[in-house]
Amino acid sequence: MVRIVILRIGHRPERDQRVTTHVGLAARALGAEGMYLAEADNGVVQSITDVVTRWGGTFFCKDNMKWRRCINDWKEGGGTVVHLTMYGLNLPEVIDEIRGKDNVLVIVGAEKVPGEIFGLADYNIAVTSQPHSEISSLAVFLDHLFSGTELAGRYADAKIRIIPSKAGKKTEEV
Ligand SMILES: C[S@@+](CC[C@H](N)C(=O)[O-])C[C@H]1O[C@@H](n2cnc3c(N)ncnc32)[C@H](O)[C@@H]1O
């Protein structure tokens, strides 16, 4: 199965902590392996690590990753680089091709992405050609990529699990 790692760029610690944390949590819940954060922000790393400790799995989060080096290393290792941007090709046109890859680095921005990213990416992909957000675009991308199979995700080492119920909140501590 295709292996996915996120590269989050343009994070501003003073205002993007919540959104970047949610990019990581959405990535984890929907089947990605980890997230590189281009900027330094231990608060984000800590929040995501806390969730992994309680809810299970092996999702990693590493901050202070220089994005150019991260992209170049990924490509040198034979991986594919996808940039999610409303200016790219619309998702349905390319998703089957991406599904056939082994290792995919998915770049999402915060405010304005450096123009160089468009050239470095193997694929610039739009989740509609309308402006919305890095969380929604990543979630739709992952769901299409994994064709919904990620929705059944369970973690054997979870300390807490939800027992799905029609009404109320049921959990079990393991
Ligand atoms: C709030 S948007 C900022 C977009 C910014 N105005 C720009 O020109 O780059 C933050 C990120 O959400 C993602 N995004 C927003 N709309 C998207 C779309 N329609 N398709 C794919 N990604 C999108 C992109 O990764 C973008 O960098």
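N64 is placed in the loop between β3 (60-62) and α3. Helices (H or I, at least four residues) and strands (E, at least two) are DSSP runs, numbered from the N terminus. This is a predicted model, in which local features need pLDDT of at least 70 and side-chain atom pairs count only at pLDDT 80 or more, while totals for chains, interfaces and linings use all residues. Residues are numbered from 1 along each chain as its sequence is written.

**Loop residues with positive phi**

Phi of N64 is near 55 degrees, a positive value in a residue other than glycine. T128, which is found in the loop between β6 (123-126) and α6, also has a positive phi, near 70 degrees, and is likewise not a glycine. Most residues other than glycine have a negative phi. A residue is termed buried if 20 or more other C-beta atoms lie within 10 Å of its own, exposed if 12 or fewer, and partly exposed in between, with C-beta atoms placed from the backbone. N64 is exposed because 12 other C-beta atoms lie within 10 Å, and T128 counts as exposed with 12 C-beta neighbours inside 10 Å.

The table gives the environment of four residues.

| Residue | Location | C-beta neighbours and class |
|---|---|---|
| Q17 | helix α1 | 15 within 10 Å, partly exposed |
| N64 | loop between β3 and α3 | 12 within 10 Å, exposed |
| V81 | strand β4 | 21 within 10 Å, buried |
| T128 | loop between β6 and α6 | 12 inside 10 Å, exposed |

**Strand pairing and crossovers**

Two strands are said to pair if DSSP finds at least two bridges between them. β1 and β5 pair in the parallel sense over six bridges, and within this pairing R3 has N103 of β5 as its bridge partner. On β2, β1 is joined by four bridges, and the two strands run parallel. R8 has L37 of β2 as its bridge partner, and L7 stands opposite Y36 in β2. The chain passes from β1 through α1 to β2, and this β-α-β crossover is right-handed. A crossover is given this hand if, with the strands pointing away from the viewer, the path from the first strand over the helix to the second runs clockwise.

β2 also pairs with β3 in the parallel sense, over three bridges; here the bridge partner of M35 is C61 in β3. A right-handed β-α-β unit is made by β2, α2 and β3. Five of the six residues of β1 are buried, so this strand is largely enclosed by the rest of the structure.

**Nonpolar core**

A nonpolar core is a set of buried Ala, Val, Leu, Ile, Met, Phe, Trp, Tyr and Cys residues joined through C-beta atoms within 7 Å. The largest nonpolar core has 37 residues, and those with the most contacts inside it are I6, L7, V82, L84, L105, V106 and I107. Two or more residues of this core come from each of β1 (3-8), α1 (17-29), β2 (34-37), α2 (42-55), α3 (67-76), β4 (80-90), β5 (103-108) and α6 (134-145). β5 gives the most to this core, with five residues. In soluble globular proteins, nonpolar side chains tend to be buried together.

Two residues are in contact if their C-beta atoms, placed from the backbone, lie within 7 Å. Not counting residues up to four places away in sequence, V82 touches I98, V104, L105, V106, I107, A121, D122, Y123 and I125. V81 lies in strand β4; leaving aside neighbours within four places in sequence, V81 is in contact with I71, W74, K75, L105, I107, L120, A121 and D122. The C-alpha atoms of V81 and N103 are separated by 8.6 Å, and these residues are 22 residues apart along the chain.

**Surroundings of Q17**

Q17 and N42 are 25 residues apart in sequence and 10.0 Å apart in space, C-alpha to C-alpha. Apart from neighbours within four places in sequence, Q17 is in contact with D41, G43 and V44.

**Ligand shell**

A residue is near a molecule if its C-beta atom, placed from the backbone, lies within 6 Å of it. The ligand is surrounded by 18 residues, the closest being L84, M86, G109, E134 and S137. β4 and α6 are the elements that give two or more residues to this shell, and β4 gives the most, with three residues. The shell divides into eight nonpolar, seven polar and three charged residues. Ala, Val, Leu, Ile, Met, Phe, Trp, Tyr, Cys and Pro count as nonpolar, Asp, Glu, Lys and Arg as charged, and the others, Gly among them, as polar.
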